[in-house]
Amino acid sequence: MDSPSPVRRISCAGLWVSANTLALLVGRSRKTIFRWTADGTITRREAKQGAQYHLQDVLKHVPLEITDRLCRVIREVDKERPSALCQLGLRFLQANFPKLAIPCLQQAAKGQDKDAMAWLSQCYQNGQGVPKDLFLAAKWLGEAACHGHPAAQRVVAQFYGIERTEWNEDSSVQDQKESLQEAIQKQSVMLREILQKLG
């Protein structure tokens with residue numbers, strides 16, 4: 001990534017991270033990280049949790065302002081915490097690096113982070129960092145709703161005509177998914193009937 005780096009305060013001195021975390025931060029593959037290690041660009045050390053890489057060596061490739069707060073997020077990302085992955089993805093979106101945001105949001109969503117699911121829905125809906133895909137936008141919106149994201153629940157409930165009382169704080173994720181699936185089935189049947197009448 002040869003884009004100019006913003007002015008930064010270096011506060012991550014001494015921070016060692018995994019190849020996965022480093023790859024997310026610089027928007028490169030693990031293969032590139034290993035190549036940089038082999039050619040001496042990055043320092044590697046062995047630790048209990050496996051190989052770690054010195055973040056300081058690649059800060060010029062991270063297109064975000066490095067602050068103490070971001071360093072705390074990076075530490076949590078390195079522990080594979082979904083909420084931290086979502087925060088990092090949002091920082092990339094805010095800095096206008098949507099292609100770097102998507103892998104963070106995808107990993108966070110796979111870790112059941114409802115905010116990441118909602119943001120992925122928006123990215124797919126708007127073609128931000130990914131090709132525009134309304135099917136995936138709807139899928140992630142539904143997942144966010146099923147996992148309790150209030151805004152996603154409102155949108156899905158309104159779209160499918162689900163009574164808001166069907167989803168309350170006591171509803172389990174499974175109950176919410178079943179309610180959503182039932183509403184989708186009803187809408188699919190209606191859509192098929194309309195298409196048959198037209199065709």
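A contact here means heavy atoms within 4.5 Å. The structure is a predicted model of a chain with nine helices and three strands. Along the sequence these elements follow the pattern β-α-α-β-β-α-α-α-α-α-α-α.

**Overall character and confidence**

- Of the 199 residues in the chain, 39% are buried.
- Residues at least 24 apart in sequence account for 54% of the contacts made between residues at least 6 apart.
- The chain exposes an accessible surface of about 11700 Å², and carbon and sulfur atoms contribute 50% of that area.
- The average pLDDT of the chain is 84, with 76% of the residues scoring at least 70.
- In residues 4-10 the pLDDT falls below 50, and this stretch has 16 contacts in the model beyond near neighbours in sequence.
- Predicted coordinates should not be read in detail where pLDDT is low.

**Helix H4**

- Helix H4 covers residues 82-94; its 13 residues should span 18 Å at 1.5 Å a residue, and the end C-alpha atoms lie 18 Å apart, so the two values agree.
- Its buried residues are Ala84, Leu85, Cys86, Leu88, Gly89, Phe92 and Leu93.
- These buried residues pack against four helices, namely H1 (19-26), H3 (68-78), H5 (98-110) and H6 (114-126).
- Asn96, just after H4, adopts a positive phi of about 65 degrees.

**Helix H5**

- The 13 residues of H5 reach 18 Å from the first C-alpha to the last, close to the 18 Å expected at 1.5 Å a residue.
- Pro98, Leu100, Ala101, Ile102, Cys104, Leu105, Ala108 and Ala109 are the buried residues of H5.
- The cover over the buried residues of H5 includes H1, H4, H6 and helix H7 (134-146).
- H1 and H6 thus appear in the surroundings of H4 and again in those of H5.
- Just after H5, Gln112 has a positive phi of about 75 degrees.

**The sheet**

- Three strands form an open sheet in the order S1-S3-S2, with antiparallel pairing.
- Strands S1 (16-17) and S2 (44-47) are the edge strands, each pairing on one side only.
- Strands of a sheet pair through backbone hydrogen bonds, either parallel or antiparallel.
- S2 and strand S3 (residues 50-54) run antiparallel and are joined by four bridges.
- Arg44 stands opposite Tyr53 in S3.

Methods. Residues are numbered from 1 along each chain as its sequence is written. This is a predicted model: local features need pLDDT of at least 70, side-chain atom pairs count only at pLDDT 80 or more; totals for chains, interfaces and linings use all residues. Side-chain values use heavy atoms; hydrogens and water are left out. Helices (H or I, at least four residues) and strands (E, at least two) are DSSP runs, numbered from the N terminus. Buried means under 20% relative accessible area, exposed over 50%, partly exposed in between (1.4 Å probe, protein chains only). Accessible areas come from the Shrake-Rupley method with a 1.4 Å probe; for residues, only the protein chains shown count as cover. pLDDT is the predictor's confidence in each residue, from 0 to 100. The expected span of a helix is 1.5 Å times one less than its number of residues. Two strands pair if DSSP finds at least two bridges between them.
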